[in-house]
Amino acid sequence: MMEIAERILVIMDDIVTQQVDAIVNAANNSLLGGGGVDGAIHQAAGPELLEECRKLGGCPTGEARITRGYNLPAKWVIHTVGPLWRGGMHGEDKMLCRAYRSSLKLAQQYKVRSIAFPGISIGAYGFPVERAAGIAVWSVWDFLTEVNTINEVILVCYNQTAFEMYSGALHNITDNIK
Ligand code: APR
């Protein structure tokens with residue numbers, strides 16, 4: 001059995017090029033596309049992705065929905081909606097944790113073995129990066145202790161600051177668990 005720490009990877013890259021079973025999209029409640037990573041994923045997957053998304057009828061914050069990946073290397077796109085940061089007293093932490101867990105649950109149902117996440121909510125939604133990184137790493141770690149069919153979770157950071165925060169959060173948890 002692989003150690004949890006060996007099943008989580010933090011990298012700096014573009015999520016659309018990841019060779020994994022599923023990539024996660026940081027979408028909005030409409031699931032009809034947007035800017036940031038959402039725009040990049042739709043652009044790379046092609047128009048069929050939007051067509052399939054239209055049929056889903058949106059997604060509440062903290063939940064997730066799955067579609068095919070079309071022109072992406074990934075077979076699946078798991079669309080989740082993270083919270084919009086409103087100062088931290090509106091259940092943002094819990095909702096962010098829920099977005100990671102819902103995505104991983106769907107991945108498990110679809111027999112996904114490798115999955116890549118962007119930094120959900122840390123762009124347009126304004127979630128403080130260090131706080132989001134801690135929640136992301138903890139949520140993933142906790143889920144992997146319960147489920148052993150997912151053996152690779154890649155946290156894909158798009159800039160140096162994000163990379164430092166997510167890898168720092170992963171080191172913290174690894175050190176604390178030893
Ligand atoms: N690969 C990996 N990460 C990326 C990419 C990419 N190609 N493009 C952007 N990112 C990063 C951003 O730099 C940021 O760190 O993804 C992180 C999340 O930022 P956003 O895409 O703005 O997502 P979020 O903060 O969750 O806001 C969601 O933005 O585009 C809209 O439709 C989306 O309304 C929703 C909102």
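**Exercise 1. Locate Tyr-110 in the predicted model, classify its exposure and find its contacts distant in sequence.**

Step 1. Tyr-110 belongs to the loop that runs between helix 3 (92–109) and strand 5 (114–117), in what is a predicted model.

Step 2. The relative accessible area of Tyr-110 is 37%, and because partly exposed covers the range between under 20% for buried and over 50% for exposed, Tyr-110 is classed as partly exposed.

Step 3. When residues up to four places away in sequence are not counted, Tyr-110 touches Ile-66 and Trp-76.

Step 4. For the pair Tyr-110 and Ile-66, the separation in sequence is 44 residues, while the C-alpha to C-alpha distance in space is 9.1 Å.

**Exercise 2. Decide whether Gln-18 is buried or exposed, and describe its surroundings.**

Step 1. Gln-18 is found in the loop between strand 1 (8–12) and strand 2 (22–26).

Step 2. With a relative accessible area of 8%, Gln-18 is buried, because that class takes in values under 20%.

Step 3. Leaving aside neighbours within four places in sequence, the residues in contact with Gln-18 are Ile-11, Asp-13, Ile-23, Pro-73, Ala-74, Ala-116, Ile-154 and Val-156.

Step 4. A polar contact is also present, in which the side chain of Gln-18 reaches the backbone oxygen of Asp-14 at 3.0 Å.

**Exercise 3. Identify the residues around the ligand and the polar contacts made with it by Asp-14, Val-37 and Asp-38.**

Step 1. The ligand is surrounded by 21 residues, and the closest of these are Asn-28, Gly-35, Asp-38, Gly-123 and Ala-124.

Step 2. On the nitrogen side, a polar side-chain atom of Asp-14 lies 2.8 Å from a nitrogen atom of the ligand.

Step 3. Turning to ligand oxygen, a polar backbone atom of Val-37 is 2.8 Å from an oxygen atom of the ligand, and an N or O atom in the side chain of Asp-38 is 2.7 Å from an oxygen atom of the ligand.

**Exercise 4. Characterise the largest pocket by its volume, its lining and the elements that contribute to that lining.**

Step 1. The space in the largest pocket amounts to about 600 Å³.

Step 2. Its lining consists of 31 residues, with Ala-26, Gly-36, Val-37, Gly-119 and Gly-123 lying nearest the centre of the pocket.

Step 3. Two or more lining residues are given by each of helix 1 (36–45), strand 6 (152–157) and helix 5 (160–177), and helix 1 supplies the largest share, 4 residues.

Step 4. Sorted by class, the lining of the largest pocket holds 18 nonpolar, 10 polar and 3 charged residues.

Note on methods. Residues numbered from 1 in each chain as written. Predicted model: local features only at pLDDT ≥ 70, side-chain atom pairs only at ≥ 80, totals over all residues. Heavy atoms only, no water. 1 Å grid on protein atoms, 1.4 Å probe; cavity = no way out; pocket = protein on both sides within 12 Å on 5 of 7 lines; lining within 4 Å. Points joined across faces, edges and corners; volume = space filled by probe spheres on them. Nonpolar A, V, L, I, M, F, W, Y, C, P; charged D, E, K, R; others polar. Buried < 20%, exposed > 50% of the residue type's maximum accessible area, 1.4 Å probe, protein only. Polar contact = N/O pair within 3.5 Å; in protein donor to acceptor, adjacent residues only side chain to side chain. Contact = heavy atoms within 4.5 Å. Near = heavy atom within 4 Å.
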